[in-house]
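Trainee: I am new to this structure and would love a close look at one part of it. Could you pick a single strand and walk me through what lies around it?

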Amino acid sequence: MASSQFTPGEKMSPTVLIYSSATCPYCERAKMLFKKKNISYTEIRIDLDPEKRIEMQNKAHRQTVPQIFINDHHIGGCDDLYALNAAGQLDKFFE
Ligand SMILES: N[C@@H](CCC(=O)N[C@@H](CS)C(=O)NCC(=O)O)C(=O)O
């Protein structure tokens with residue numbers, strides 16, 4: 001039987017994935033919000049990896065960066081992230 005990472009009573013923190021590129025102010029702004037909230041994230045630089053650009057486009061159906069995912073939930077870009085936060089919905093992912 002495969003081993004499981006889950007421990008009863010232990011809360012798994014959601015995985016935050018940010019597809020980004022260099023010199024992208026919207027990416028910086030999105031990352032800044034997670035830093036401010038002390039939420040760790042994984043950044044995928046699509047400008048360094050053409051396959052990741054295609055992966056992002058296939059998952060998000062959008063061409064711009066950033067594209068943000070929490071677990072497998074597509075949040076959208078920077079404006080979407082800040083709108084979600086302003087609506088008080090972002091923190092719910094991390095409660
Ligand atoms: N409203 C979008 C704007 C994102 C945007 O315009 N990103 C720029 C880079 S900062 C972009 O992807 N431009 C097109 C490209 O680089 O292919 C958001 O909030 O994420």
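Mentor: Here is a walk that starts at strand β1 and then follows its surroundings outward.

Please keep in mind that this is a predicted model. The protein has three helices and four strands, and along the sequence they follow the pattern β-α-β-α-β-β-α. Of its 95 residues, 20% are buried. Among the contacts with a separation of 6 or more, 60% are between residues 24 or more positions apart.

Let us begin with β1, which covers residues 16–20. Is this strand enclosed or open? Five of the five residues of β1 are buried, so the strand is largely enclosed by the rest of the structure. You can follow the side chains in two sets: V16, I18 and S20 point one way, while L17 and Y19 point the other way.

Now look at the strands beside β1. With β2, β1 runs parallel, and four bridges join the two; one place to find this pairing is L17, whose bridge partner in β2 is T42. With β3, β1 pairs in the antiparallel sense, again over four bridges. Here I18 is a good marker, as its bridge partner in β3 is I68.

I18 is worth a pause. Apart from neighbours within four places in sequence, I18 is in contact with C27, A30, K31, Y41, E43, I44, P66 and I68. I18 also belongs to the largest nonpolar core, which has 15 residues; I18, Y19, A30 and I68 are those with the most contacts inside it. The elements that give two or more residues to this core are β1, α1, β3 and α3, and β1 gives the most, with four residues. As background, nonpolar side chains in soluble globular proteins tend to be buried together.

From A30 you can move on to the helix α1. This helix has twelve residues and reaches 16 Å from its first C-alpha to its last, close to the 16 Å expected at 1.5 Å a residue. Just after α1, N38 takes a positive phi of about 60°. N38 lies in the loop between α1 and β2, and N38 counts as exposed because it has 7 other C-beta atoms within 10 Å.

From I68 you can move the other way, along β3. This strand, residues 67–70, runs antiparallel to β4, residues 73–76, and three bridges join them. F69 has H74 as its bridge partner in β4. The two strands form a hairpin with two residues between them, and N71 in the turn has a positive phi of about 50°.

Ahead of β3 comes a loop that deserves a look of its own. P66, one of the contacts of I18, is found in the loop between α2 and β3. The peptide bond from V65 to P66 is cis, with omega near 0°. H61 is found in this loop between α2 and β3 too. H61 has a positive phi of about 55° although it is not a glycine, and it counts as exposed because it has 9 C-beta neighbours inside 10 Å. T64 is also in the loop between α2 and β3. T64 is partly exposed, since 16 other C-beta atoms lie within 10 Å. Eleven residues separate T64 from R53 in sequence, and in space the two are 9.7 Å apart, C-alpha to C-alpha.

This loop brings us to the ligand. Which residues surround the ligand? They are C24, P25, Y26, Q63, T64, V65, P66, G77, C78 and D79. The elements that give two or more residues to this shell are α1 and α3. By type, the shell divides into six nonpolar residues, three polar and one charged.

G77 makes a fitting last stop. G77 lies in the loop between β4 and α3, and G77 counts as buried because it has 20 C-beta neighbours inside 10 Å. Leaving aside neighbours within four places in sequence, G77 is in contact with Y26, T64, P66 and Q67. A60 is 17 residues from G77 in sequence, and the two are 9.6 Å apart in space, C-alpha to C-alpha.

To retrace the route on your screen, start at I18 in β1 and step across to its bridge partner I68 in β3. Then find P66, which is in contact with I18 and is among the residues that surround the ligand.

Technical notes:
Residues are numbered from 1 along each chain as its sequence is written. This is a predicted model: local features need pLDDT of at least 70, side-chain atom pairs count only at pLDDT 80 or more; totals for chains, interfaces and linings use all residues. Two strands pair if DSSP finds at least two bridges between them. A residue is near a molecule or strand if its C-beta atom, placed from the backbone, lies within 6 Å of it. Ala, Val, Leu, Ile, Met, Phe, Trp, Tyr, Cys and Pro count as nonpolar, Asp, Glu, Lys and Arg as charged, and the others, Gly among them, as polar. A residue is buried if 20 or more other C-beta atoms lie within 10 Å of its own, exposed if 12 or fewer, and partly exposed in between; C-beta atoms are placed from the backbone. The expected span of a helix is 1.5 Å times one less than its number of residues. A nonpolar core is a set of buried Ala, Val, Leu, Ile, Met, Phe, Trp, Tyr and Cys residues joined through C-beta atoms within 7 Å. Two residues are in contact if their C-beta atoms, placed from the backbone, lie within 7 Å.
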